[in-house]
Amino acid sequence: MPTMFSLALLAGGYLVSTPLLLLLIGLFFAIMLTIAHHRLRVEEDPTVVALIEALPGANCGGCGLPGCPQFAEAIAEGRAQPSDCVAASEETIKAVAEILGVEATAGVPRRAVIHCGAKFRERLRRPDYIGVATCTEMNMVAGVQGCTYGCLGLGDCARSCPFEAITMVAGLPVVNYRTCTGCGQCIEACPRGIITVEEMIDDPLLVIACSSQDAGKQVRANCSVGCIACGVCAKLDPETCEVPANLCTVKYSAERYGRTGDHEPAVEKCPTSCLLLVGAGIEDPHELVERKTREKVARAAARAAQQQRIAASSASNDAPKPGAAVDADAPSGKEDTQ
Amino acid sequence: MSGVTDLIIAFLSIALVNNLVFTKFLGICPYLGVSKKTDMAVGMGLAVTFVLTLSAAMTWMINNLVLIPLDLGFTKYIVFILVIASMVQLVEMYVRKFYPGLYQSFGIFLPLITTNCAILGTCLFIDLWGYGFLKAVVAGFGGGLGFTMAIALMAGIRERLELAEVPRPLQGAGITLVAAGILTLAFMGFSGMVR
């Protein structure tokens with residue numbers, strides 16, 4: 001070798017020896033790498049490669065594995081089901097099933113549910129908080145909010161969501177059920193633990209929008225839309241609602257849940273409007289609270305008008321019983337008087 | 001000075017006093033890029049340590065056994081890059097084949113650091129300082145550990161910064177660079193202790 005280089009140096013100096021050296025070193029490593037590539041090849045399962053291509057690639061961890069490649073390996077080995085991927089759309093699951101050559105089973109979608117229904121104006125006894133604007137920090141300060149269970153409203157969950165499915169509306173997270181995948185990142189983010197992931201056995205789904213374990217009186221002092229454990233829901237909807245202690249619990253079991261319409265009475269009659277229906281078709285579940293207030297006002301106005309009419313008609317006929325007109329609904333009141 | 005003391009001083013010199021990140025400003029890209037989470041940062045640091053130790057040994061041999069005898073020392077810049085890149089590829093394949101667990105934990109960083117300036121820089125410094133083989137390997141290892149310490153410290157600071165209320169114009173890269181600057185100033189305290 002050195003003699004060859006000496007000859008090259010004599011013939012053409014560095015102009016020849018330099019490229020020659022680089023060429024030799026390059027060639028040496030190229031041969032080494034080629035041999036290594038063949039000798040040390042890791043057999044990659046072509047199905048796994050195809051599966052990684054087909055999966056969403058969000059690496060959200062909703063399946064319980066570190067990322068999509070690991071999940072692909074798991075389904076290829078049969079350790080996981082395609083439907084375990086919470087971020088996959090139906091087409092993705094179908095594509096995955098096709099690669100595997102199996103029939104896709106439709107899993108029940110899992111979605112985030114927020115167990116607090118109070119916007120800023122409904123949260124009482126809430127002094128000004130001047131500090132780091134994250135729920136985690138705020139939660140460390142004693143007495144920042146009357147309700148020690150409810151949402152703090154600084155949006156840690158919204159920031160944690162990899163799918164941008166949570167928006168903060170007047171201090172309350174609202175889940176967009178069209179984009180939510182139920183990956184559960186928000187559960188980790190919430191310092192108060194008011195978020196759970198539930199199986200959407202129906203859409204819309206009945207949800208208790210309160211987490212307070214306080215007694216009714218205490219809840220009323222802290223919040224205008226908290227669960228006071230009055231038990232109306234358990235009476236109207238005994239199959240799904242239970243009030244074991246100070247908080248209503250919704251039992252999500254496919255056999256007992258029933259159909260959507262079954263829960264309307266309980267939702268309507270909940271005195272603090274903390275039973276909500278949430279789902280893809282509902283823009284803002286808290287709208288119901290406002291609608292109920294509006295309806296209450298309208299009903300009162302209608303009743304007042306009715307009474308006036310009755311009073312006007314009774315002036316010409318017999319005098320009506322005053323108690324009946326106030327208590328009963330408008331049509332029955334009319335029958336009574338005639 | 002006995003051999004062992006010499007090695008210890010070489011180690012401390014490159015790990016603390018002449019830290020790659022804080023005094024040589026090498027390897028800033030991973031230092032700022034992969035320092036968001038401590039576990040990721042430590043993984044990256046260990047991968048750098050591993051590659052740097054191997055590269056230091058490899059490039060010392062190439063330099064002293066091939067380039068200098070042939071009077072082609074000036075090609076070391078190109079040759080070192082070539083050697084480091086090929087060797088890291090080789091090591092990556094080997095680790096992937098025989099140590100899948102190890103590959104999962106830091107193998108993903110290996111391709112990222114083949115062209116890292118901290119690696120090439122250290123190899124060139126070792127040549128410049130005229131270290132012997134053993135000293136070169138120790139210096140490579142020390143440089144890697146120094147880098148690991150720097151990136152782990154930075155990651156710890158950045159995890160705390162997540163909770164802090166940062167003024168709007170300084171958010172993101174701004175406060176990160178400020179923190180990096182203050183950290184560098186702190187390490188300036190070591191300067192001049194050892195050459």
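**View 1. Leu55(A) sits in the loop between helices α3 (46–54) and α4 (68–76) of chain A.** Welcome to the first close-up; please keep in mind that this is a predicted model. Although Leu55(A) belongs to a loop, the residue is buried, with a relative accessible area of 5%. Which residues is Leu55(A) in contact with, leaving aside its neighbours within four places in sequence? They are Cys68(A), Phe71(A), Ala72(A), Cys85(A), Thr92(A) and Val96(A). Pro82(A) makes a nice exercise in thinking about distance: 27 residues separate Leu55(A) and Pro82(A) in sequence, while in space their C-alpha atoms are 9.4 Å apart.

**View 2. Strand β1 (residues 110–114) of chain A is largely enclosed by the rest of the structure.** Why can we say so of β1(A)? Four of the five residues in this strand are buried, so the rest of the structure largely encloses it. Look next for the partner strand, β4 (residues 195–199) of chain A: five bridges join β1(A) to β4(A), and the two run antiparallel. To find one facing pair, start at Arg111(A) and look across to Glu198(A) in β4(A), which stands opposite.

**View 3. Strands β2 (residues 166–169) and β3 (residues 172–175) of chain A form a hairpin.** The two strands pair in the antiparallel sense, over four bridges. Ile166(A) has Val175(A) as its bridge partner in β3(A). Two residues lie between the strands of this hairpin, and Ala170(A) takes a positive phi near 45°. Now follow the side chains along β3(A): Leu172(A) and Val174(A) point one way, whereas Pro173(A) and Val175(A) point the other way. There is a general pattern behind this: side chains in a regular strand alternate between the two faces of the sheet. In β3(A), the residues on both sides are buried.

**View 4. Two cysteines of chain A, Cys135(A) and Cys274(A), are each too far from the closest cysteine sulfur for a bond.** A disulfide is a covalent bond that links the sulfur atoms of two cysteines. How many disulfides are there over all chains? The count is zero. For Cys135(A), the closest cysteine sulfur is in Cys151(A), at 6.1 Å, which is too far for a bond. For Cys274(A), the closest one is in Cys270(A), at 3.8 Å, and this too is too far. The cut-off behind this reasoning is 2.5 Å between the sulfur atoms. Are these two cysteines buried or exposed? Cys135(A) is buried at 7% relative accessibility, and Cys274(A) is buried at 3%.

**View 5. Helix α1 (residues 3–17) of chain B reaches 20 Å from its first C-alpha to its last.** The helix has 15 residues, and its span is close to the 21 Å expected at 1.5 Å a residue. Which residues of α1(B) are buried? Look for Ala10(B), Ser13(B), Ile14(B), Ala15(B) and Val17(B). The elements that cover them include α6 (117–129) and α7 (133–161) of chain B.

**View 6. Phe22(B), Tyr31(B), Phe187(B) and Phe190(B) are linked into a cluster by ring pairs.** Over all chains, the structure holds 10 aromatic pairs. In the pair of Phe22(B) and Tyr31(B), the ring centres are 6.1 Å apart and the planes stand at 90°, so this pair is edge-to-face. Both residues are buried, Phe22(B) at a relative accessible area of 1% and Tyr31(B) at 2%. For another arrangement, turn to Phe125(B) and Trp129(B): their ring centres are 5.1 Å apart and their planes at 20°, so the pair is stacked. Phe125(B) and Trp129(B) both lie in helix α6 of chain B, four residues apart, or about one turn of the helix. Phe125(B) is partly exposed at 21% relative accessible area, and Trp129(B) is partly exposed at 22%. Finally, see what lies over the face of Phe125(B): Lys24(B), at 5.2 Å from the ring centre.

**View 7. Thr176(B) is found in helix α8 (residues 173–187) of chain B.** This threonine is buried, with a relative accessible area of 7%. Apart from neighbours within four places in sequence, Thr176(B) is in contact with Leu32(B), Met154(B) and Arg158(B).

Key. Residues are numbered from 1 along each chain as its sequence is written. Chains are lettered from A and ligands numbered from 1 in the order in which they are written. This is a predicted model: local features need pLDDT of at least 70, side-chain atom pairs count only at pLDDT 80 or more; totals for chains, interfaces and linings use all residues. Side-chain values use heavy atoms; hydrogens and water are left out. Buried means under 20% relative accessible area, exposed over 50%, partly exposed in between (1.4 Å probe, protein chains only). Two strands pair if DSSP finds at least two bridges between them. Contact means heavy atoms within 4.5 Å. The expected span of a helix is 1.5 Å times one less than its number of residues. Rings of Phe, Tyr and Trp (its six-membered ring) pair if their centres lie within 6.5 Å; planes under 30 degrees apart count as stacked, over 60 as edge-to-face and the rest as tilted. A charge sits over a ring if NZ of Lys or CZ of Arg is within 6 Å of the ring centre and within 35 degrees of the ring normal.
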